[in-house]
Amino acid sequence: MIFRKANMPVAVAAKALGVDTQTVRVLCQQSLVDWGTAYRRPGSRNYSYLISPLKFYQETGFLWEGNDD
């Protein structure tokens, strides 16, 4: 199995889980999942999100092949 990209978009994770993007963001912000994290750069009010395709696959069975569908 090859994971072509290191970061899965929030929208892809939301679609795979059948939830809205805000739910995925809150899960990451509150550290409620192992497959994603949220962080803020110093001085920024906005979060950035990192979602591991490998960990997401291991926990959900959803294989993202690097396309944003």
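From the N terminus on, the elements of this protein follow the order α-α-β-β-α, giving three helices and two strands in total. The radius of gyration is 12 Å, close to the 11 Å that the globule rule gives for 69 residues, so the protein is as compact as a globular protein of that length. Please keep in mind that this is a predicted model. Here is a short tour, from the whole chain down to single residues.

**Overall shape and surface**

- Along its principal axes, the C-alpha trace spans about 40 × 20 × 20 Å.
- Of the 69 residues in the protein, 25% are buried.
- The accessible surface comes to about 4,800 Å², and carbon and sulfur atoms account for 46% of that surface.
- Taking contacts between residues at least 6 apart in sequence, 49% of them join residues at least 24 apart.
- The protein has 8 positive and 6 negative charges, and the mean positions of these two sets are 10 Å apart.

**The strand pair**

- Strands β1 (residues 36-40) and β2 (residues 47-51) run antiparallel and are joined by five bridges.
- One pairing to look for is that of Thr 37, whose bridge partner in β2 is Leu 50.
- The hairpin of β1 and β2 has six residues between the strands, and Gly 43 takes a positive phi near 85 degrees there.

**Helix α1 and its cover**

- Helix α1 covers residues 10-17, and its buried residues are Val 10, Val 12, Ala 13 and Ala 14.
- As general background, residues three or four places apart in an α-helix point the same way, because the helix has 3.6 residues a turn.
- The cover over the buried residues of α1 includes α2, β2 and α3 (53-60).
- Just after α1 comes Gly 18, with a positive phi near 75 degrees.

**Arg 25 in helix α2**

- Arg 25 lies in helix α2, and its relative accessibility of 27% means that it counts as partly exposed.
- Leaving out residues up to four places away in sequence, Arg 25 touches Val 10 and Tyr 49. Val 10 is one of the buried residues of α1, while residues 47-51 form strand β2.
- Arg 25 and Arg 40 are 15 residues apart in sequence, and their C-alpha atoms are 13 Å apart in space.

**The loop between α2 and β1**

- Ser 31 is found in the loop between α2 (21-29) and β1. Although Ser 31 is not a glycine, it has a positive phi of about 55 degrees.
- With a relative accessibility of 59%, Ser 31 counts as exposed, because the cut-off for that class is over 50%.
- Asp 34 also belongs to the loop between α2 and β1, and at 60% relative accessibility Asp 34 counts as exposed.
- Even so, Asp 34 is in contact with Lys 55 and Glu 59, leaving aside its neighbours within four places in sequence. Helix α3 spans 53-60.
- The C-alpha atoms of Asp 34 and Phe 56 are separated by 8.2 Å, with the two residues 22 apart along the chain.

Definitions and conventions:
Residues numbered from 1 in each chain as written. Predicted model: local features only at pLDDT ≥ 70, side-chain atom pairs only at ≥ 80, totals over all residues. Heavy atoms only, no water. Pairing = 2+ DSSP bridges. Helix = DSSP H or I, 4+ residues; strand = E, 2+ residues; numbered from the N terminus. Rg over C-alpha atoms; globule rule 2.2 N^0.38 Å. Buried < 20%, exposed > 50% of the residue type's maximum accessible area, 1.4 Å probe, protein only. Contact = heavy atoms within 4.5 Å. Areas by Shrake-Rupley, 256 points an atom, 1.4 Å probe, with all protein chains shown as cover. Lys, Arg positive; Asp, Glu negative; His and termini not counted. Charge placed at Lys NZ, Arg CZ, Asp CG, Glu CD.
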